[in-house]
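Reader: Hi! I'm just starting out with protein structures, and I'd love a close look at a single part of this one.

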Amino acid sequence: MPTNPFDLTGKLALVTGASRGIGAGIALALAQSGARVILNYFADPDGKNRAEAEAMGAQCPGSVLMEADVSKSEEVNRMFTVIGTQHGGLDILIANAGIIRDRTITKMTDDEFQSVIDVNLRGVFHCIRAATPLLRENGRVVTMASVAGQMGFFGQANYAPSKAAVIALTKVAARELARKKITANAIAPGFIETAMTQDMPDEVTRKTLEQIPLGTKGQVDDIVHAALFLCSPGARYITGHVLNVNGGFYMGA
Ligand code: NAP
């Protein structure tokens, strides 16, 4: 064990959906802990995401930007081929990218259902599958699940099952990757202040906060600190775990 159990010097990390929100926060924190970071972003027609990823990258010394839509296996495979060619391996995969498209079951279209499954579940699968041959001994996989996947929320017939499946997928990965001493863990954020939650109606926000024992929304840093811990050498004996970071919203095992 190194002197500082949270030191990531010399590690190479990929963070998906790193242009903003939780992914951007994790990328910055990994860089500040000594890792070199690859920031994945999803290209939009206006170039806004690339600009945001570039701004993040400017704060992460030695970082690289890589464009890929995680829902498309060919784009993900291409990204990991480049990582293998240019870097020879990978130490940390943060499968963070995710979207939300809420609608009650009877109103939800096939496309609204499928698009969320494609990004949130298939995206994580594509990344873990392509990362596996590159992940070095003592590597780390951290996936971003959600309290929604544990509790199931009104209007989330697409999002909640996608996140429940991410938890199951992470446990499968933990078993399959263990032979290389690679750990795989999920973080299940609760109600975190990012773009994803900012448009919630005030009434829904108030009712949600009433159910959270700690009484407030979480901040990006609350998730970042959990991710840093799971990536660190200090967490080497934790695998297949779901780390709830939710202010007590859900307390199940
Ligand atoms: P966010 O601010 O909306 O950021 C999501 C990131 O994922 C953005 O950078 C987004 O890029 C990227 N992304 C979306 N689709 C992508 C794709 N197909 N390929 C690559 N990147 C893509 O959300 P967040 O709140 O930071 O959430 C991060 C993760 O935490 C998500 O998996 C989310 O489900 C999970 N989570 C969040 C909360 C919460 O309360 N905020 C709670 C539980 C779980 P664009 O800029 O193009 O959209």
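Which strands does helix H1 lie across, and at about what angle does it run to E1?

Author: Happy to help! Keep in mind that this is a predicted model. Helix H1, made of residues 21-32, lies across four elements you can find by their numbers: strand E1 (12-15), E2, strand E4 (90-95) and strand E5 (135-144). Its direction is about 170° to that of E1.

To place those strands, let's look at the sheet. Seven strands form an open sheet with parallel pairing, and their order is E3-E2-E1-E4-E5-E6-E7. At the edges are strand E3 (64-67) and strand E7 (242-245), each of which pairs on one side only. From one strand to the next, the twist averages 20°. In general, the strands of a sheet pair through backbone hydrogen bonds, in either a parallel or an antiparallel way.

Now follow E2, residues 36-41, towards its partner E3: the two run parallel and are joined by four bridges. Here leucine 39 stands opposite leucine 65 in E3. Helix H2 (residues 48-58) lies across E2 and E3, and runs at about 170° to E2.

Finally, here is a place where two helices meet. The axes of helix H3 (residues 73-87) and helix H4 (residues 110-131) come within 9 Å and cross at roughly 35°. On the H3 side, the contact is made by Ser73, Val76, Asn77 and Phe80, while H4 brings His126, Cys127, Arg129, Ala130 and Ala131. Sorted by class, this contact has five nonpolar, three polar and one charged residues. The crossing of H3 with H4 is right-handed.

Technical notes
Residues numbered from 1 in each chain as written. Predicted model: local features only at pLDDT ≥ 70, side-chain atom pairs only at ≥ 80, totals over all residues. Heavy atoms only, no water. Pairing = 2+ DSSP bridges. Axes fitted to C-alpha atoms, helices over the stretch in contact; angles between N-to-C directions. Contact = heavy atoms within 4.5 Å. Left-handed = near helix turned anticlockwise from the far one by under 90°. Nonpolar A, V, L, I, M, F, W, Y, C, P; charged D, E, K, R; others polar.
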